[in-house]
Amino acid sequence: MQVASTALFKIDKKIDKLVKKIELLNYVNPINIEEEKKRFFKSKYLTDPVFKYPKRDFDKFKIHQKFFTQPLESIENEQIRDLYEDIIYFYSGIVRCIETVGKGKRFYYNSLHSFGTPTEQDVENAKFILHFEEENKKDKIFKPKYTSEEATSIFKEYANRYDFSFNIKESSAMGAIAMVLNNIQTLVLNSNHRFSKNEMGILTNHEIGVHMVTTMNGLLHKLKIFSHGFPNNEETQEGLAVFSEYMSGNLTIKRLKELAYRVIAVDSLAKGYSFSRTFRMLHNTYDLGKEQAFYITTRVHRGGGLTKDYLYLTGLKKIYDYYKSGKDLNLLITGKVSLEYIEDIKYLIKNKYAVPPIHITDAYAENLNTNKTLDFILENLK
């Protein structure tokens, strides 16, 4: 057992070293979003943006080679060996995504392989959500209020409820308004954005309460897989993060609609829509403001077509159902893990390869949602 364990930890450590070099968000976020937005608006929404991306700083062939020459046969336990085989195939797919960023359909097909695309039922769920009337946009909680500097202070204050520290930095080159970079334990804020009170409620619970919590819990294990991420962990992690918005009383119909629009936009990729056609569909057909329509379209079309944004809604539904069935959410915040590997997580903890979470998402302690319409929607998603 000791020899087998030594082999496992050696392989795990080598994979961790490789994975730290391939954070997809470091490569797929355009570095010229603002310039291209101005050009796109000036063209009356007809000329697709020409995005530029950070240069890849690793040798793709060497990384593939190192992934596929790991001696998995030395892991005697079949369950763990199968898990690590899945890990290698998953991260090899991420490398293929990174090496084709900005290369149109080549990137899209690699993204499709790694993250999938919405089913007809997912699209129907999104359209179902869009039938509901959202809150008054003029409500104070939705008005832009905080600069990125002020938001930083709020994040730092919120973080005091957790026993860990992390970095916060600003960037003008990102499609999201905030995100956590797992490999360097850093929260990145969009310096071009002014944050509303509702957005701060959403982001503190989403980014720190889940993404940073799972980052920090992931670092507690001997096995680094909990830190760098199980295969297909995005759906579970984003589902947990949006669910924390719901439990903390910050999820709104407006926010849920935003997730639905992302599903619609990703579906447009499968239909072969260009950037400008996706934008015009959101802006004209669905009456989204041009800024929000551009933001969602950029998220979905960056790199050549990043499909993962539909997973927020599918993940939310799966986590909601998991919670309602009385199952233990804490198992899912042990790190960057996936719902589909829940039995592997239990096995690894039982056999002392992993530990239960120390940092617990505080939003999960009590359901503070008072919006019955949200409950009705989440209950009735298929």
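Asp362 sits at 30% relative accessibility and so counts as partly exposed, where buried stands for under 20% relative accessible area, exposed for over 50%, and partly exposed for what falls in between (1.4 Å probe, protein chains only). The carboxylate of Asp362 meets the side chain of Arg161 in a salt bridge, 2.8 Å from N to O. Arg161 belongs to the loop between helix 8 (148-159) and strand 1 (167-171), while Asp362 belongs to the loop between helix 16 (342-350) and helix 17 (372-380), so the pair ties together parts that are 201 residues apart in sequence. Arg161 itself counts as exposed because its relative accessibility is 52%. The model is a predicted one, in which local features need pLDDT of at least 70 and side-chain atom pairs count only at pLDDT 80 or more, whereas totals for chains, interfaces and linings use all residues. Residues are numbered from 1 along each chain as its sequence is written, and side-chain values use heavy atoms, with hydrogens and water left out. Helices (H or I, at least four residues) and strands (E, at least two) are DSSP runs numbered from the N terminus.

The structure holds 16 salt bridges, each being a side-chain nitrogen of Lys or Arg within 4 Å of a carboxyl oxygen of Asp or Glu. Side chains of opposite charge can pair when their charged atoms come close. One of these bridges joins Asp309 and Arg299 at 2.6 Å, N to O. Here Asp309 lies in the loop between helix 14 (290-301) and helix 15 (311-324) and Arg299 in helix 14, so this bridge ties together parts that are ten residues apart in sequence. Both Asp309 and Arg299 are buried. The pair also belongs to a wider arrangement: salt bridges with shared partners link Glu245, Arg255, Glu258, Arg262, Arg299 and Asp309 into one network. Another bridge brings Lys20 and Asp16 together at 3.3 Å, N to O. Its two ends fare differently in terms of cover: Lys20 is partly exposed because its relative accessibility is 49%, whereas Asp16, at 7%, counts as buried.

Helix 11 comes with some checks on its geometry. Its 15 residues (233-247) should span 21 Å at 1.5 Å a residue, and the end C-alpha atoms are 21 Å apart, so the two values agree; the expected span is 1.5 Å times one less than the number of residues. Helix 11 is also mostly covered, with 15 of its 15 residues buried. Ahead of the helix, in the loop between helix 10 (225-228) and helix 11, is Asn232, which has a positive phi of about 60° despite not being a glycine. Asn232 is partly exposed because its relative accessible area is 29%. On the other side, Gly249 follows helix 11 and has a positive phi near 80°. Most residues other than glycine have a negative phi, and most peptide bonds are trans. Tyr45 is another non-glycine residue with a positive phi, of about 70°, and is found in the loop between helix 3 (33-42) and helix 4 (60-68).

Then there are the surface patches, made of residues with over 30% relative accessible area and no salt bridge, like charges being joined within 9 Å and nonpolar side chains (Val, Leu, Ile, Met, Phe, Trp, Tyr) within 5 Å. Accessible areas come from the Shrake-Rupley method with a 1.4 Å probe, and for residues only the protein chains shown count as cover. As for charges, Lys and Arg count as positive and Asp and Glu as negative, with His and the chain ends not counted; each charge is placed at NZ of Lys, CZ of Arg, CG of Asp or CD of Glu.

Glu78, Asp82, Glu85, Asp86 and Glu340 make up a negative patch on the surface. Asp82 is part of helix 5 (residues 78-99) and counts as partly exposed because its relative accessibility is 37%. Arg81 is placed in helix 5 as well, and at 24% relative accessibility counts as partly exposed. Positive charge gathers in a patch of Lys13, Lys17, Lys21, Lys62, Lys66 and Lys224. Helix 1 (2-19) and helix 4 each provide at least two residues of this positive patch. Lys21 comes from the loop between helix 1 and helix 2 (25-28), and is partly exposed because its relative accessibility is 41%. A nonpolar surface patch consists of Leu220, Val355 and Ile358, which together have about 250 Å² of accessible area. Val355 lies in the loop between helix 16 and helix 17 and is partly exposed, with a relative accessible area of 35%.
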